[in-house]
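Please read the following report beside the sequence and the model, and find each residue as it comes up.

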Amino acid sequence: MSAQTTPRLDPVALEILWSQLQAVIDEGETTLLRTAFSPIIREAFDFGIVLLDAEGRSVVQSRRSMPPFVGTLPRTLRVALDAFPPDQWGPGDVYATNDPWIGTGHLPDITMMRPVFRDGAIIAFAGAIAHWADIGGTIWSGDTTEIFEEGLQLPLRKLVDGGVVNPDLAAIIAGNVRLPEQVMGDLHAQVATLEVAERRLHDLLDELGLDDPAPIFTEIQARSETAMRSEIAKLPDGSYSHEVEIDGFDTPLMLRVELRIAGDEIVVDWTGSSDQVDRGMNETFNHAYAMSVYPIKCVLSPEIPNNDGAYRPISMIAPEGSIINARYPAPVATRQILGHYLSTIVLDTLAQLVPDRVIAESGSPSPRVVFTGIDADGKKYGAALLLAGGIGANSWRDGLSAAPFPSNAAATSVEMVEATTPLLFRRRELRADSGGAGRFRGGLGAVTEVEVRGERNCVVSVMTDRVDHPPLGFAGGGSGAPNRVTRDGEQLPSKSRSTLMPGQLLSLQTAGGAGFGPPEQRDPALAARDVEMGYVTGEQA
């Protein structure tokens with residue numbers, strides 16, 4: 001096949017090409033997993049890796065990529081191309097930023113983008129986002145009052161010039177974080193990830209005898225767009241709204257969405273949601289957009305390739321100054337709390353249209369807990385626990401227990417945390433009776449108990465919600481149990497920093513998923529199994 005020939009894009013050939021592109025970006029993912037220093041990347045998979053076309057539109061992402069990163073990276077790259085036109089990008093360059101309004105919504109996530117050149121022209125981009133172990137400022141927490149408290153802000157700039165990391169910028173980063181070894185290791189791991197993705201794309205194009213993959217990219221995106229438009233067109237036109245009250249920081253907050261369907265397009269409108277607040281749980285537009293469109297894709301067209309084409313029929317409105325689209329310099333550290341709610345509320349609204357294709361509310365947002373202190377050798381340590389609650393049931397099966405949703409970040413390995421910090425885990429098990437009752441039961445939350453060894457105190461930052469507003473069931477199903485965080489039995493505020501002293505026990509109980517359908521319709525054999533396995537006890541049994 002000559003370099004000027006485009007492969008015949010029949011369905012079989014296109015599926016093979018899609019799988020080959022998937023392998024290209026998956027090898028980039030493997031590079032990151034094997035070279036990253038911090039457990040939050042290696043163990044919890046808090047990252048995203050995306051291959052994009054020359055215009056900055058997504059084509060394919062690695063299999064473990066986080067949904068919000070898949071949704072934000074194309075928007076970040078398009079801002080970068082506006083600020084730095086293609087003629088300012090050279091081979092081996094990497095532009096980077098953690099600007100929450102350009103990138104993923106909070107400072108710990110670093111977005112990097114690298115052009116792929118072939119015969120002197122940019123034919124694609126490789127992008128990688130990773131949540132670094134630290135970004136300076138206060139530790140990751142929800143009680144900040146402005147962005148300047150939350151860490152080092154990296155404006156969109158060239159981090160790597162022709163394959164060489166900018167030493168001045170690297171020194172500034174290393175000098176502003178608590179864990180410079182982990183952070184710099186993660187920085188170089190991300191850079192290597194992009195390099196590997198570029199190399200593997202060249203290998204594939206060499207194998208195909210192609211110089212320009214644009215026709216393949218365009219066809220994949222077009223088919224995803226056609227499939228999504230076809231599914232939207234099956235829904236009745238109209239306006240469908242839903243609103244939810246959440247715990248908030250000091251007082252409850254309101255999240256309100258309206259889905260407007262017209263033909264083969266959907267508008268997601270968050271007008272009517274609460275105004276931005278003076279604590280670190282505000283959203284930015286990019287992250288809110290990603291978390292709003294993701295559940296629509298999951299419900300309406302889950303099997304087709306996930307790329308820019310799937311989202312072209314979906315647009316979003318979020319008034320500036322609202323908690324969904326906060327103005328700079330609003331604090332945004334725990335924007336994941338709102339992001340998880342946004343996906344849930346969109347699903348709740350879609351239940352009005354396709355009730356058999358959605359799940360009841362899940363035990364999310366689950367607690368994120370950060371520990372930091374000084375170990376016995378006098379060295380600074382830090383660890384972030386990403387915990388998972390139960391997933392809501394649906395119309396045909398029970399919800400999964402202790403499983404992440406809508407994030408797909410894995411629960412942090414307690415063995416890894418124990419090996420690198422003075423923390424000791426006393427207990428980790430499923431939380432009995434936490435899943436909502438129903439014809440199908442909600443998934444169970446989990447219980448994790450931890451203490452600090454040695455003689456030094458530990459600072460603990462707790463970030464969660466659903467303490468006063470548990471997950472609600474669908475079609476007569478029961479609610480899941482709420483999140484609960486206690487220290488020696490005393491409940492801690494859901495968004496706070498506190499001290500854990502040696503001998504004290506921190507208990508983290510994640511929320512259960514809600515049930516689907518009336519509990520009296522549950523299969524007696526399933527109910528008996530629940531009791532036998534200890535999932536349901538006492539009065540609920």
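Helix α6 covers residues 214-233, where helices (H or I, at least four residues) and strands (E, at least two) are DSSP runs, numbered from the N terminus. At 1.5 Å a residue, its 20 residues should span 28 Å, and because the end C-alpha atoms of α6 are 28 Å apart, the two values agree; the expected span is 1.5 Å times one less than the number of residues. The buried residues of α6 include Ile-216, Phe-217, Ile-220, Gln-221, Ser-224 and Glu-225, where buried means under 20% relative accessible area, exposed over 50%, and partly exposed in between (1.4 Å probe, protein chains only). An α-helix has 3.6 residues a turn, so residues three or four places apart point the same way.

This is a predicted model, in which local features need pLDDT of at least 70 and side-chain atom pairs count only at pLDDT 80 or more, while totals for chains, interfaces and linings use all residues. Residues are numbered from 1 along each chain as its sequence is written, and side-chain values use heavy atoms, with hydrogens and water left out.

Helix α5 (residues 180-208) can be checked in the same manner: its 29 residues should span 42 Å at 1.5 Å a residue, and its end C-alpha atoms are 42 Å apart, which agrees. Just after α5, Gly-209 takes a positive phi of about 70 degrees. Within α5 lies Ala-189, which is buried, with a relative accessible area of 2%. Ala-189 and Leu-32 are 157 residues apart in sequence, yet their C-alpha atoms are 5.6 Å apart in space. Apart from neighbours within four places in sequence, Ala-189 is in contact (heavy atoms within 4.5 Å) with Leu-32, Thr-35 and Ala-36.

Which residues touch the most other members of the largest nonpolar core? Among its 80 residues they are Leu-21, Trp-89, Met-112, Trp-132 and Leu-187, a nonpolar core being a set of buried Ala, Val, Leu, Ile, Met, Phe, Trp, Tyr and Cys residues joined through side-chain atoms within 4.5 Å. Helix α5 gives the most to this core, with 11 residues. A second, separate core of 52 residues includes Ile-232, Met-316, Leu-338 and Leu-353. In soluble globular proteins, nonpolar side chains tend to be buried together.

Some backbone features remain. Most residues other than glycine have a negative phi, and most peptide bonds are trans. The table lists departures from both habits.

| Residue or bond | Feature | Place |
|---|---|---|
| Tyr-328 and Pro-329 | cis peptide bond, omega about 5 degrees | Pro-329: loop between β11 (314-317) and α9 |
| Ser-364 and Pro-365 | cis peptide bond, omega about 10 degrees | Pro-365: loop between α9 and β12 (368-374) |
| Ala-402 | positive phi, near 45 degrees | loop between β13 (380-386) and α10 (414-420) |
| Arg-466 | positive phi, about 55 degrees | loop between β16 (458-463) and β17 (484-487) |

Are Ala-402 and Arg-466 buried or partly exposed? Ala-402 is partly exposed, with a relative accessible area of 33%, whereas Arg-466 is buried, with a relative accessible area of 3%.

Finally, helix α7 (residues 285-300) and helix α9 (residues 335-350) pack at an angle of about 35 degrees, with their axes 8 Å apart; axes are lines fitted to C-alpha atoms, for helices over the stretch in contact, and angles run from 0 to 180 degrees between N-to-C directions. Among the residues that make the contact are Met-291 and Ile-296 of α7 and Leu-342 and Val-346 of α9.
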